[in-house]
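Reader: Hi! Could you walk me through this structure, one question at a time?

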Amino acid sequence: MKSEMTTSEIMALQEAFVMPTYAPKTALVRGEGCWVWDAEGKRYLDFCSGIAVTNIGHSHPRQVAAIREQAEQLMHVSNLFMNPLQPQLAEALVRCSGLAGAKCFFCNSGAEANEGLIKLARLWGSTRGRHEIITMRQSFHGRTLATLTATGQDKVKHGFGPLPGGFVYADYNELDSVRALVNDQTAAIMVEALQGEGGVIPSAPDFLPGLRALCDEMGILLLCDEVQAGVGRTGRWFGFQHYGVEPDAFSLAKGLGGGFPIGGIVAGPRLADTFQPGHHATTFGGTPLGSAAALAVIETIEAEDLLANAVAMGERFMQGLADIAAAHPAWIEGVRGRGLMNGLVLKVPAAPLQQFLFEAGLLSIATAQRVLRMLPAMVVSAEEIDQALSWIDVACHALHDEMVALVMQVDEN
Ligand SMILES: *Cc1c(COP(=O)(O)O)cnc(C)c1O
């Protein structure tokens, strides 16, 4: 194993041996809190957080210690045996969820968690003659065959047919469009409390409660995909908690392990015992090591009061972004988000702004073409928020004329 490599050495190796599913140009070699360093030693303020994964910051000492201790004790035993960490993690998640009588299933990724949610809904529906699942346009649920079918974006589906049946698509934040799709085959409605990949779009105040009421009226399931919004990112443990709504089950991954790959399902009392032995399984689900890593994330969020910090820093950031947007109404539409899931919505592609910020030293993500998505870790400080805002302000001034010209081109076409 080589430790010291230049960016060009890493890139040559990557191009030769790694499938080009992404096109990265930068190699990161070290992280601490909200900061990362590339192979050339340049430091960046990381407002990607591994796409909403490193919610307690990079290499948090409490989590590093927990992983190191557990690695020395026991890493993996399969689910043919119990281990003491997995049920502790389940207990902690059920407590955070507020879903009385809930139980968990653990897996490895967001797609796998959603695949499990889909299977859970199908199995529940199988005795009721119901199998159809309603998902939302612009949603994102993963890249396995069932979850890319559930995803309400055509671009992830091309070339992968035939796709599994049983999915229909409604408009996000349009209750009537969901209601119109419910029939006697419908098993569940699956929804993100805040759409992430779709462009940082929060559920309207009455949308999730409306879906809950619709599900109760029709006797069907409400499933929330909390893979991106979950585990504190929005300032509450889970996105649905902003809406006073309880789903029948929800999925988790990204932030759950804080960088250690682990996903999970939390299912309320209607679904907690639906899976029986033989129905669903995964080799790596809830290993001692993964569970210890996730427990350390939850303990850190509690010990450092990071939900409150996410709320306070989110407000500071959104206010600053709103001020910047107000200074450039010709090409910036406004801001969206909750807590530390933030989007600056442009009238033009976000890639040039993202690139400018990258060069300045701020990592962000261009999403849904026109949205600059920013996902700082929950340990972010006021100084770091202000640093990011100052870079964004400078970038917006520098790019102003170019962006205004782009808006005019877009308008002409
Ligand atoms: C990222 C994401 C997924 C997929 O998670 P993976 O771990 O990449 O499989 C599913 N749903 C949402 C909302 C996501 O943001």
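**The ligand and its surroundings**

Author: Happy to! This is a predicted model, and the space that the ligand takes is the largest pocket.

Reader: Which residues are around the ligand?

Author: Let's begin with the classes: the shell has 3 nonpolar, 6 polar and 3 charged residues. By name, the residues around the ligand are S109, G110, A111, N114, F140, H141, G142, E192, D225, V227, Q228 and K254.

Reader: Which helix gives the largest share of the shell around the ligand?

Author: Look at residues 110–126, which form one helix. This helix brings 3 residues to the shell, and that is the largest share. Its name is helix α5.

Reader: Which residue has a polar side-chain atom 2.7 Å from a nitrogen atom of the ligand?

Author: Let's sort the contacts by the ligand atom. Oxygen atoms of the ligand pair with the backbone: one is 2.8 Å from a polar backbone atom of G110, and one is 2.7 Å from a polar backbone atom of A111. For the nitrogen atom, the partner in the side chain belongs to D225.

Reader: How much of the ligand's accessible area does the protein cover?

Author: On its own, the ligand has 390 Å² of accessible area. Of this, the protein covers 82%.

Reader: Is T147 buried or exposed?

Author: T147 lies in helix α6, residues 145–150. A polar atom of its side chain is 3.5 Å from the backbone oxygen of G142, one of the residues around the ligand. Buried means under 20% relative accessible area. T147 has 0% relative accessibility, so it counts as buried.

Notes:
Residues numbered from 1 in each chain as written. Predicted model: local features only at pLDDT ≥ 70, side-chain atom pairs only at ≥ 80, totals over all residues. Heavy atoms only, no water. Near = heavy atom within 4 Å. Polar contact = N/O pair within 3.5 Å; in protein donor to acceptor, adjacent residues only side chain to side chain. Areas by Shrake-Rupley, 256 points an atom, 1.4 Å probe, with all protein chains shown as cover. 1 Å grid on protein atoms, 1.4 Å probe; cavity = no way out; pocket = protein on both sides within 12 Å on 5 of 7 lines; lining within 4 Å. Sits in = over half its atoms within 2 Å of the grid points. Helix = DSSP H or I, 4+ residues; strand = E, 2+ residues; numbered from the N terminus. Nonpolar A, V, L, I, M, F, W, Y, C, P; charged D, E, K, R; others polar. Buried < 20%, exposed > 50% of the residue type's maximum accessible area, 1.4 Å probe, protein only.
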